[in-house]
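Trainee: I should like a close look at the loops of this model, with attention to the backbone geometry there. Please then relate that part to its wider setting.

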Amino acid sequence: MKLKRFLKSGAVAVGIAVTLASCTQTQTTSPQDILTIHDEEINQIISGMSLEEKVEMLHSKTIMSSEGIPRLGIQEIRYADGPFGIREEIGDMFRPKGWTIDSATYFPTGSALAATWSPDLAYKYGTGMAHEATRRGKDMVLGPAMNIQRIPVGGRTYEYFSEDPLLAGALAVGYVKGVQDEGRAVCLKHFAVNNQENDRGTVNAIVDERTLREIYLKPFEVAVKEGGAWGVMTAYNKVNGNWCSENPYLNNKILRGEWGFNGMTVSDWGGTHSTMGAALGGLNVQMTGDTYLGLALIDSVNIGKVPESVVDDKVREILRVRYTVRAIPENEANIEMASQPEEQRIAYEVASKSVVLLKNENNILPIDLNKVKNIAVIGQNAVLSTAAGGMGAGVKTIYEISPLQGLQNKIGNAATINYAPGYKNYVRSWGPPVPNPNNAETIDEAADPAFVAEAVKIAKEADLVLYFAGTNKSIETEGKDRENIDLPVGQNEIAEALIQANPNLVTVIISGGPCDLRKVNNLSKAMVQGWWNGLEGGNALADVLLGNIAPSGKLPFTFPLKLEDSPAYAMGTYPQKKEVVKEEDVFVSQYRKDDIKKDSDDKKEVDFSAFFRRPVNGPDAPYSEGLYVGYRWFDSKDLPVLYPFGYGLSYVDFNYSELETNKKSYKADDVIEVSFNIQNNGSMEADEVPQVYLHRVNPSIDWPNKELKAFSRVTLQPGEVKTVSLEIPVKDLRYWDEENKTWQNDMCDVELLVGSSVNDILLTKKLSLIE
Ligand code: BGC
């Protein structure tokens with residue numbers, strides 16, 4: 001009877017996932033338990049399956065699906081990128097199928113969502129992703145992307161959340177619950193230690209176990225244990241010598257053994273490396289191809305090298321997800337446009353709370369339209385789309401409001417807006433460059449005098465200049481790190497020309513990761529970090545610039561003064577020397593005939609010879625800075641930064657007072673209950689994100705100077721005072737004891753530090769942790 005749920009198109013699929021989740025929640029002890037409630041039935045099914053039938057489920061069926069059990073009407077698992085918009089329908093070689101109903105909501109990218117510091121917004125965001133996945137008939141969203149941002153140049157910094165594990169984990173938990181409460185599965189990616197894009201298919205991250213546990217694995221741990229994630233994507237790279245897709249330590253011991261993960265793992269696309277390794281090292285599904293978990297696996301089982309019970313376990317884990325996520329029959333999917341107004345509203349809300357005000361001399365912002373009647377908008381980043389591109393994370397968006405359009409929408413006739421591109425656009429070309437007078441040939445090309453002259457002309461006539469600088473999707477992308485964090489295509493020179501023309505210069509940075517802003521910061525009266533902020537990004541930004549809402553985003557990572565100050569550079573461990581022959585990026589080299597053979601339609605003759613080279617040997621990446629990643633480094637070493645972690649101004653001032661805790665000394669099982677007051681001293685509604693850091697006064701082992709331990713987002717009316725109450729379980733203050741391979745307490749005196757960024761501590765209180 002229950003098999004009805006899995007019937008393919010034409011049959012009636014019973015909606016169970018959400019109700020199932022809610023009615024079993026009370027009886028379960030871990031969010032992972034929901035996956036095992038059908039184990040008995042699943043075991044019965046497995047006992048009736050042939051080895052061939054089982055192995056068919058362990059590799060890709062198409063480029064974005066893996067097989068179910070057709071004989072029983074159990075539908076395949078359909079995957080969708082993720083992480084910030086459901087990807088359009090694609091066929092062979094990732095070619096779009098050209099559908100018209102698959103335009104999605106482009107949600108703010110990872111770093112923008114993270115700048116909200118709001119797990120509640122991450123939850124809503126997750127629900128939005130799930131609704132669109134459902135409309136598209138997809139089961140598993142390939143997201144959230146949640147690795148720690150270790151290096152400022154990281155190609156996927158914009159996809160990831162934070163340099164801090166607590167913030168990254170809290171956002172991931174929100175995202176996961178949002179998606180899964182609406183009946184779709186997540187796929188946490190990329191497990192684990194995928195912190196650079198250069199050589200991502202081969203690099204060997206060498207990380208000590210304490211750092212691994214406390215920093216790099218922590219967000220995944222909470223997303224599995226608290227969020228209850230049903231899927232995990234193994235990363236391309238190696239960790240301490242083993243590929244992530246065949247890493248018994250990561251996948252079997254920690255993920256399944258210690259964290260109690262009951263779901264399924266899929267390799268990153270092209271990231272499976274061997275049959276025995278993947279079979280015994282914790283991989284459920286080879287994506288893509290069947291080279292390793294196909295016929296070769298059947299042979300390995302037949303000669304007794306891989307026990308059939310291992311295959312059974314893998315099938316069981318996949319079927320658990322299949323049973324928990326309602327299979328959507330083909331005749332229910334793709335009948336209305338993927339993106340609907342409800343999700344577009346969520347995208348707006350997230351964007352509006354993510355914009356970070358970095359500097360605001362003489363309160364030049366918000367723009368006062370009673371005085372400012374002529375605005376010069378300079379810079380192609382005011383008009384360029386940020387939705388498409390970036391490989392897997394590109395979104396075919398239903399629309400996208402650019403910053404310029406947002407300003408036009410919100411200002412209407414109240415002021416004149418003149419636009420000039422200011423600089424040429426740098427577009428990385430995969431083939432021979434297509435000549436375009438608006439495009440720069442190199443990323444560091446000097447400013448074009450004609451472009452500068454045009455910009456200066458309209459800047460001179462204006463009351464205010466809004467200069468849009470930053471990067472684009474060619475510069476920050478999967479598959480390649482940036483070479484540096486310099487502003488590209490002569491953007492600094494243009495700022496110099498603009499300030500000569502008009503002293504009222506406001507610079508808005510449109511980028512996913514940090515840029516070297518020393519020059520523009522000095523020249524500009526105000527600075528705003530505007531992110532890659534989704535399809536409503538332009539409207540949200542304009543609302544902030546005009547003061548319709550107060551800015552409330554906070555930096556989820558440090559903006560260093562200069563790249564060389566950051567830990568991996570200071571330790572000389574990044575970039576790695578190219579001792580090995582440069583291979584193609586794993587994504588380019590991964591496709592095999594067997595992927596294509598299996599894809600149902602869109603067959604075209606392709607010359608595959610170029611795609612058969614598989615990268616194998618990569619550089620070692622020693623994580624010698626240990627725990628001292630991001631602000632932990634700058635803060636502990638007392639190094640100046642341009643803007644610190646957690647930083648962001650508002651149009652109002654807040655007053656912090658009355659820090660209290662429920663006790664003065666705490667034992668291992670206690671929870672530190674912290675409370676303090678925040679008052680909005682301004683004349684408009686505003687949100688503030690108070691942060692609680694912990695400093696160890698007399699520890700017995702080495703610790704960073706401060707570590708984020710709690711945070712909140714509060715909305716305050718003018719003059720309003722609110723009490724913020726937060727909890728810090730003492731068990732969350734433990735460290736990983738490498739010798740005894742366990743979590744240990746370091747009972748010592750500590751200081752609670754409450755503030756509005758890691759460098760702006762406003763209240764402190766001493767406490768003791770005691771045996
Ligand atoms: C990326 C993944 C993505 C996958 C499928 C890979 O290259 O690393 O994040 O989900 O492609 O598009």
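Mentor: A strand (E) is a DSSP run of at least two residues and a helix (H or I) one of at least four, each numbered from the N terminus. The model is a predicted one. With those terms in place, consider the loop between strand E9 (238–239) and strand E10 (242–243), where asparagine 240 is found. Asparagine 240 has a phi near 45°, a positive value in a residue other than glycine.

Two further loops contain a residue that takes part in a cis peptide bond. Threonine 288, in the loop between helix H10 (275–280) and helix H11 (295–302), is joined to methionine 287 by a cis bond with omega about -5°. Glycine 82 belongs to the loop between strand E3 (77–81) and helix H4 (110–115), and its cis bond to aspartate 81 has an omega of about 20°.

Aspartate 81 leads on to the ligand. There are 15 residues around the ligand, and Asp81 is one of those that come nearest, together with Arg156, His190, Asp268 and Glu478. Side-chain N or O atoms also approach oxygen atoms of the ligand: that of tyrosine 236 at 2.8 Å, that of lysine 189 at 3.0 Å, and a polar side-chain atom of arginine 87 at 3.2 Å.

For the wider setting, helix H14 (residues 403–411) packs against helix H18 (residues 537–545) at about 55°, the axes being 7 Å apart. H14 is therefore oblique to H18, and the crossing is right-handed. The residues of this contact comprise five nonpolar, four polar and two charged.

Key:
Residues numbered from 1 in each chain as written. Predicted model: local features only at pLDDT ≥ 70, side-chain atom pairs only at ≥ 80, totals over all residues. Heavy atoms only, no water. Axes fitted to C-alpha atoms, helices over the stretch in contact; angles between N-to-C directions. Parallel < 35°, antiparallel > 145°, perpendicular 65-115°, else oblique. Left-handed = near helix turned anticlockwise from the far one by under 90°. Nonpolar A, V, L, I, M, F, W, Y, C, P; charged D, E, K, R; others polar. Near = heavy atom within 4 Å. Polar contact = N/O pair within 3.5 Å; in protein donor to acceptor, adjacent residues only side chain to side chain.
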